[in-house]
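Hi,

Here is the structure I promised to send over. Have a look at it first, and my notes follow underneath.

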Amino acid sequence: MSTFLGMPAHAPRGVGNLRGDEPFPAAARTALANQQLRRNLQHATTTIRGKSGRVIAEVPDWQELRSAGSALKTYTMANLPRLLEQLEEKVTAAGGVVHWAADAEEANRIVTGLIRETGEQRVIKIKSMATQEIGLNEALEAAGIEPVETDLAELIVQLGHDKPSHILVPAIHRNRAEIREIFLREMPGVDPDLTDNPPELAAAARRYLRETFLSTKVAVSGANFGIAETGTLAVVESEGNGRMCLTLPDTLITVMGIEKVVPAWQDLEVFLQLLPRASTGERMNPYTSMWTGVTPGDGPQNFHLVLLDNGRTAVLADEVGRSALHCIRCSACLNVCPVYERTGGHAYGSVYPGPIGAVLSPQLTGVEDNASLPYASSLCGACFDACPVKIDIPSILVHLRNQAPHPRTEKAAMAAAAYTMDRPRLYQRAQRAFKLAKLVGRRGKGLPPPLNGWAASRDLPAPPEESFRDWWRGR
Amino acid sequence: MRIALFATCLADTMFPAAAKATVQLLERLGHEVVFPLEQTCCGQMHVNTGYQSQALPLVRRYVRTFEPCDVVVAPSGSCVGSIRHQHAMVARQAGDEGLATAAEAVAGRTYELSELLIDVLGVEDVGAYYPHRVTYHPTCHSLRVLRVGDRPLRLLRNVRGLDLVELPAAEQCCGFGGTFAVKNADTSSAMLADKMRHVLETGADVCTAGDASCLMHIGGGLSRSRAGVRTVHLAEILASTAVAA
């Protein structure tokens, strides 16, 4: 153990996908102008909201399950060091090798090194947020190793040299015509007569992936859960590509965020009910794969578990913000968010978009590196209601806004407002002066930024003849 | 009953009709309304924009002003939401446990208008008359912070002459969100565009809600697009009678 030298580190700059190129309002403006994107998102999120709502309504103890999930996560965060060491011990005893990665760079270095040791030039990958977060694909490519995404949507994103825009449905921003073009341009051995009929597109991916599964000896995965009690790792998925990756290769490398540990096997009873219903709107996900270390003669004979921090310990240090680590990556908050539904995921810059991204990304990077994200919400509260582990996202957003750097003019305006509001006589004089607002007219002509943003699409209210308190005094 | 009115800074300054209607309604129902002049703002704008320490004097002012009152009403789900869910937190994070305890006590006696009418005064039919086609936008903080549920709709259903039409996708945010509307003006406008489309689909003459802030937003958009639909605060509809209408 190293000596404690102050606050835990944030995710380093220059590696990984937690920071965008421009602030949210600017990126959102571009996204909002894309009618195709908005139609796709509206259709997809409405469909999944309906589906998820129906299967959640079937569960009589859904609220109790949410509370149980929340309590289990709270317990886990309070006991994280002990649970992680227990996980390490059990994985090691079962024949696996555990590596600790402080940040994205170290994790990428460990995984690259392990693949190099096998002498292989290509790896198959299961959809994993952790490896997207650390930019593992970019690191592997730089080291001359070819990563092949095997989840259909991740494959579309990868072949399109694109970025995922949704935690669960990473290619939600693409339509079938675009997918056909990407496949024709990028997929090795694709049939040139491919149409944009979805079953045909899926079959093309299936043919390509099947050959890759059978000829690749190393796989990289993430993990939905790591059970401390038994050293068992779990991945839930829908397509069966994960099962292929977890069973066919000789070597399996799993990158898991340290917050994904759960205390006991029995805890899955709660999470495996919550996750599929909240995320895909299924009663149960089609594939749940679990493995414990190495089993001679069955499955990968070399298993490595990379435990990733990359800013998580810093999040854990914040009493209010730490519950963002409870997230089980279901994406229910994205699907109900009125902001996400209109801007899509790319506007958030980070690989974690939507409400959970707006509280997680700034905490992982330090809020100054994602200062616009805590403001990328109207605080409508739909995310809190939808979260299967009851993360109070609006409260964390407000908490992070309090830490974010503020523009100078805004600071001055807020200070002046607070000063006035605490002095009723001054406040009353300001109310009377407010009638001068008539000068700018209802269209707000000549208003300075950011107030002109209001007036661009909304009339200003006509100032009343007298304030309520003047009326009250005169009655 | 003697009821203290917290007008909210927005209604006091910009939408006095909503606060006046609250007074007229409660007086018509036989209650005494008082308006302590020391009141200003609940401080929500400061808390939600990231200036929590500046909200502390406003929290203290609210608590001090309304501490002597048995019942407080505000014509705003959002401001009552802030009083109930943020005031004690602001005091506690500033290390003022005494203020936090007092804030919790006052918040426990502070009600949004529909809560006051139904839960405290036990009245669903306030004897109002309002002969218009009306649609109701539930507002996020009334809906998800206060959980007022169908209380406003129960009140509206008892208004004579009123034709209540259901708003499609009613539970989606209108895009106001306080300073969100200017800090993320484009996204806010996109949300508003969909809300206005749904309001127009109902064919209503009037869109109502329990919050002057959301109505200012929806009304600002409807006015800009010359849609002809007016926004009217719930209190004004409930205060309206055959004579006044």
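UniProt has an unreviewed entry that lists residues 402-474 of chain A as "domain: Lactate utilization protein B C-terminal". Keep in mind that this is a predicted model. Over residues 402-474, chain A is 49% helix and 0% strand, and the C-alpha atoms at the two ends are 40 Å apart.

The domain assignment splits things up a bit differently in its bounds: chain A is divided into domain 1 (82-310) and domain 2 (417-474). Going by C-alpha atoms, the centres of domain 1 and domain 2 of chain A are separated by 55 Å.

Now for the contact with the other chain. On chain A, 48 residues are in contact with 51 residues of chain B. Several helices of chain A give two or more residues to that side, among them H1 (24-32), H19 (408-421), H20 (424-433) and H22 (468-474). By class, the side of chain A that touches chain B has 29 nonpolar, nine polar and ten charged residues.

Then there's the sheet. Chain A has an open sheet of six strands with parallel pairing, in the order E1-E10-E7-E4-E2-E3. Strands E1 (97-101) and E3 (146-149) of chain A are the edges, each pairing on one side only. From one strand to the next, the twist averages 25°.

If you want one pair to zoom in on, try strand E4 (residues 218-221) and strand E7 (residues 251-257) of chain A, which run parallel and are joined by four bridges. There you'll find A:Val220 opposite A:Ile253 in E7(A).

Cheers

Definitions and conventions:
Residues are numbered from 1 along each chain as its sequence is written. Chains are lettered from A and ligands numbered from 1 in the order in which they are written. This is a predicted model: local features need pLDDT of at least 70, side-chain atom pairs count only at pLDDT 80 or more; totals for chains, interfaces and linings use all residues. UniProt positions are given in the numbering used here, feature names are shortened, and annotations may be inferred rather than shown by experiment. Domain bounds come from an automatic or database domain assignment. Two residues are in contact if their C-beta atoms, placed from the backbone, lie within 7 Å. Ala, Val, Leu, Ile, Met, Phe, Trp, Tyr, Cys and Pro count as nonpolar, Asp, Glu, Lys and Arg as charged, and the others, Gly among them, as polar. Two strands pair if DSSP finds at least two bridges between them. Axes are lines fitted to C-alpha atoms, for helices over the stretch in contact, and angles run from 0 to 180 degrees between N-to-C directions.
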